[in-house]
Amino acid sequence: MAISVFDLFRMGIGPSSSHTVGPMRAARDFVLSLGEAPVTRVDVTLRGSLAATGKGHGTDRAVVMGLLGEAPETLNPDGIDARLQALDSGAPLDLPNGQAVAFSMHEHITWDDTCLPFHPNALQLVALSGEREVACNTYYSLGGGFYIDQAQADAGDVGEDASSLRYPFDTAAELLTQCRAHGLSISQLMLENEKAWRDKASIHRELLTIWTAMRESINNGLHARGHLPGGLNVRRRAYELHQRLLHPAENERLIVSTFSAMDWVNLFALAVNEENAAGRRMVTAPTNGAAGIVPAVLAYYLKFEPDATDSDVVNFLLTAGAVGILCKKNASISGAEVGCQGEVGSACAMAAAGLAEVLGGTPAQVENAAEIGLEHNLGLTCDPIGGLVQVPCIERNAIASVKAINAARMALNGDGEHFVSLDKVIRTMRDTGRDMQDKYKETSKGGLAVNAIEC
């Protein structure tokens, strides 16, 4: 199973890779598969976690955009509301094949929180001509924007890429063995593997494009004010914190000086995840719910390392990608499948590894950094209040970003030898996710999602 770094770092929109990006891509795939077949109606059923938290995650909106032929990589989020309002006013749904069909989000989208056996994130689509079924399919959103259809699920095909990699690995142990055998750092090994899909110049260029998008998400979050949509009335904090760091009051100067680096890391993560919660342009890293951690830690490195270069950005993202691939292959990056340990935990491990790499860590130290980052997120539940990717998600990214930096520092202060391997921690994450009750896995039926509601 070959996974590219660019499978983990995808352009999209907020607030969720599994509930927004994946369903939009699946819906688009469905309507494009119709070809010129005559269609008069499209029915949508959201199942499992997509139904339980889909309202807060904007799943219905994302699916409609997909039916209109939009892709999350290129969709302008500013135009979504107007297009949905037009549908509400009786405008037809314009399919990519040129046909216009009547569609109402209230009549043609069904919410059913019963989970299907294969995966809790399921989307069922049916196209009809009159009462005759033209096409139907079920899609499963696996987290991080990945999705497969029913035929792939039945065949046990989870969207595998059969590309041949120069240095294949399925476990961290195999990754370290390959690094030792060939005298490579993790980023160097990943660069060679990425050449299965792109040449070196394209890899560098596209990774820097990814970083540019991440940086823009940070900058946009630093300048946005007001409250986030969805009904919780959560106030954006990044702008005010930014101004405070730029212009500290006299009695704050010592505190700002002492904790400056940590405050900046918090700021970067808050900025990204507030943008995500607002449904703005994002990069999954490896998911939207955890999208602030990798860019926050990378931005921290670039801000406080005067000799940082574009090559550091590339090496950071390649190394982070290696850890994300291990988490996806051997456990999950889906909050609906294993809880938030699979999202924030994986992202924390990725960021810790990337930072350890660019700070000169050996492959063993990088693996140790990832292990520390993930180990101390084990058991983390996914219980968003109101089904919105806001509380506790936004602050959780900031906390995990600081934790990733600490994990990297701890690993670099050692020699790479440690008691529990990254493979064992990833396996533990998988097992913990299986044992975790469904109410703690992105259903908003337990934890903070119910205990924080005010009557």
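Helices here are DSSP runs of H or I with at least four residues, numbered from the N terminus. Keep in mind that this is a predicted model.

**Exercise 1. Find the residues other than glycine that have a positive phi, place them, and decide whether each is buried or exposed.**

Step 1: Start with the background. Most residues other than glycine have a negative phi, and most peptide bonds are trans.

Step 2: Look at S444, where phi is positive at about 60 degrees. This serine sits in the loop between helix 20 (422–435) and helix 21 (448–451).

Step 3: Now take N233, with a positive phi near 60 degrees. Its loop runs between helix 10 (200–223) and helix 11 (238–246).

Step 4: Apply the cut-offs: buried is under 20% relative accessible area, exposed is over 50%. S444 comes in at 17%, so S444 is buried. N233 has 55%, so N233 is exposed.

**Exercise 2. Work out which strands stand at the edges of the open sheet, and why one side of each has no neighbour.**

Step 1: Write down the order of the 5 strands, 5-2-6-7-8, with mixed pairing.

Step 2: Read off the ends. Strand 5 (109–112) and strand 8 (146–149) each have a single partner strand, so one side of each is left without a neighbour in the sheet. From one strand to the next, the twist averages 20 degrees.

Step 3: Zoom in on one pair. Strand 6 (residues 121–129) and strand 7 (residues 132–143) run antiparallel and are joined by 8 bridges; S129 has R132 of strand 7 as its bridge partner.

Step 4: Add the helix. Helix 2 (residues 17–33) packs on the sheet and touches strand 6, strand 7 and strand 8, with its direction at about 150 degrees to that of strand 7.

**Exercise 3. Check whether the span of helix 17 agrees with 1.5 Å a residue or departs from it.**

Step 1: Helix 17 (residues 344–358) has 15 residues, so the expected span is 21 Å; the rule multiplies 1.5 Å by one less than the number of residues.

Step 2: The end C-alpha atoms are 21 Å apart, which agrees.

Step 3: Check the surroundings. Since 15 of the 15 residues are buried, helix 17 is largely enclosed by the rest of the structure. Just after this helix, G360 has a positive phi of about 95 degrees.

**Exercise 4. Describe how domain 1 (14–155) and domain 2 (172–440) meet.**

Step 1: Their centres, over C-alpha atoms, are 30 Å apart. Domain 1 puts 23 residues into the contact and domain 2 puts in 21.

Step 2: About 1,500 Å² is buried between them, with 52% from carbon and sulfur atoms.

Step 3: On the domain 1 side, G14, P15 and P77 lose the most area, together 29% of what that side buries. A cis peptide bond links G14 to P15, with omega about 10 degrees.

Note on methods: Residues are numbered from 1 along each chain as its sequence is written. This is a predicted model: local features need pLDDT of at least 70, side-chain atom pairs count only at pLDDT 80 or more; totals for chains, interfaces and linings use all residues. Side-chain values use heavy atoms; hydrogens and water are left out. Two strands pair if DSSP finds at least two bridges between them. Helices (H or I, at least four residues) and strands (E, at least two) are DSSP runs, numbered from the N terminus. Axes are lines fitted to C-alpha atoms, for helices over the stretch in contact, and angles run from 0 to 180 degrees between N-to-C directions. Contact means heavy atoms within 4.5 Å. Buried means under 20% relative accessible area, exposed over 50%, partly exposed in between (1.4 Å probe, protein chains only). Domain bounds come from an automatic or database domain assignment. Buried area is the accessible area (1.4 Å probe) that two parts lose on being put together, summed over both.
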